[in-house]
Amino acid sequence: KYLLDSNAVISLLKDARSRLARRLRLQSPSDIGISSLVLHELYFGAFKDSRPILQWSTDCIFRWWTLPL
């Protein structure tokens, strides 16, 4: 199982063909996660950033990568 930090997620957003991305594609989606702290860092950082694609990508993460309580 993989728990990604904010640097790993940003790396995935910037380069979907990276070594990390290739490795994660071999895993089951249920084996990959991010913590609520990382989620907050990404969400906060995206809205400080002026690049719309990063804002959009992080918004998608915020909506879909949350864990049920």
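**Questions on a predicted chain**

Biologist: Where is the place of S18?

Modeller: In this predicted model, S18 does not belong to a helix or a strand, since its place is in a loop. The elements on either side of that loop are α1 and α2, and the place of S18 is thus the loop between α1 and α2.

Biologist: Is S18 buried or exposed?

Modeller: A residue counts as buried when its relative accessible area is under 20%. The relative accessible area of S18 is 11%, which is under that cut-off, so S18 is buried.

Biologist: Which residue has the backbone oxygen that the side chain of S18 reaches?

Modeller: Leaving aside residues up to four places away in sequence, S18 touches S11 and L12. The side chain of S18 also reaches a backbone oxygen, at 3.2 Å, and the residue that carries this oxygen is D15.

Biologist: In which order do the elements of the protein chain run from the N terminus on?

Modeller: The protein chain has four helices and two strands. Reading from the N terminus on, a strand is followed by two helices, and then a strand is again followed by two helices, which gives the order β-α-α-β-α-α.

Biologist: What share of the residues in the protein chain is buried?

Modeller: To be counted here, a residue must have under 20% relative accessible area. The protein chain has 69 residues, and the share of them that is buried comes to 28%.

Biologist: At roughly what angle do the axes of helix α1 and helix α3 cross?

Modeller: Two packed helices are described by the angle between their axes and the distance between the axes. Helix α1 covers residues 6-14 and helix α3 covers residues 36-48, and their axes come within 9 Å. The crossing of these two axes has an angle of roughly 50°.

Biologist: Which word describes how α1 and α3 stand to each other?

Modeller: Angles under 35 degrees count as roughly parallel, and those from 65 to 115 degrees count as roughly perpendicular. The axes of α1 and α3 cross at roughly 50°, and as to handedness α1 passes α3 in a right-handed crossing. An angle of roughly 50° lies between those two ranges, and α1 and α3 are therefore oblique.

Biologist: Which residues of α3 make the contact with α1?

Modeller: From α1, the contact is made by S6, V9 and I10. By class, the contact has four nonpolar, one polar and one charged residues. On the side of α3, the residues that make the contact are V38, E41 and L42.

Biologist: With the side chain of which residue does the side chain of S6 make a polar contact?

Modeller: S6 lies in helix α1 and, at 16% relative accessibility, S6 counts as buried. Not counting residues up to four places away in sequence, S6 touches V38, E41 and L42. The side chain of S6 makes a polar contact at 3.0 Å, and the partner is the side chain of E41.

Biologist: Is R22 buried, partly exposed or exposed?

Modeller: R22 lies in helix α2, which covers residues 19-25, and a polar atom of the side chain of R22 lies 2.8 Å from the backbone oxygen of R17. Values under 20% count as buried and values over 50% as exposed. R22 has a relative accessible area of 47%, which is between these limits, so R22 is partly exposed.

Biologist: How far apart are the C-alpha atoms of L4 and S35?

Modeller: The place of L4 is in strand β1, and at 7% relative accessibility L4 counts as buried. Along the chain, L4 and S35 are 31 residues apart, yet their C-alpha atoms are separated by 7.7 Å.

Biologist: How far apart in space, C-alpha to C-alpha, are I34 and A8?

Modeller: The place of I34 is in strand β2, and I34 counts as buried at 8% relative accessibility. In sequence, I34 and A8 are 26 residues apart, while in space their C-alpha to C-alpha distance is 9.8 Å.

Biologist: Is P29 buried or exposed?

Modeller: The place of P29 is in the loop between α2 and β2. The relative accessible area of P29 is 71%, which is over the 50% limit, so P29 is exposed.

Key. Residues numbered from 1 in each chain as written. Predicted model: local features only at pLDDT ≥ 70, side-chain atom pairs only at ≥ 80, totals over all residues. Heavy atoms only, no water. Axes fitted to C-alpha atoms, helices over the stretch in contact; angles between N-to-C directions. Parallel < 35°, antiparallel > 145°, perpendicular 65-115°, else oblique. Left-handed = near helix turned anticlockwise from the far one by under 90°. Contact = heavy atoms within 4.5 Å. Nonpolar A, V, L, I, M, F, W, Y, C, P; charged D, E, K, R; others polar. Buried < 20%, exposed > 50% of the residue type's maximum accessible area, 1.4 Å probe, protein only. Polar contact = N/O pair within 3.5 Å; in protein donor to acceptor, adjacent residues only side chain to side chain.
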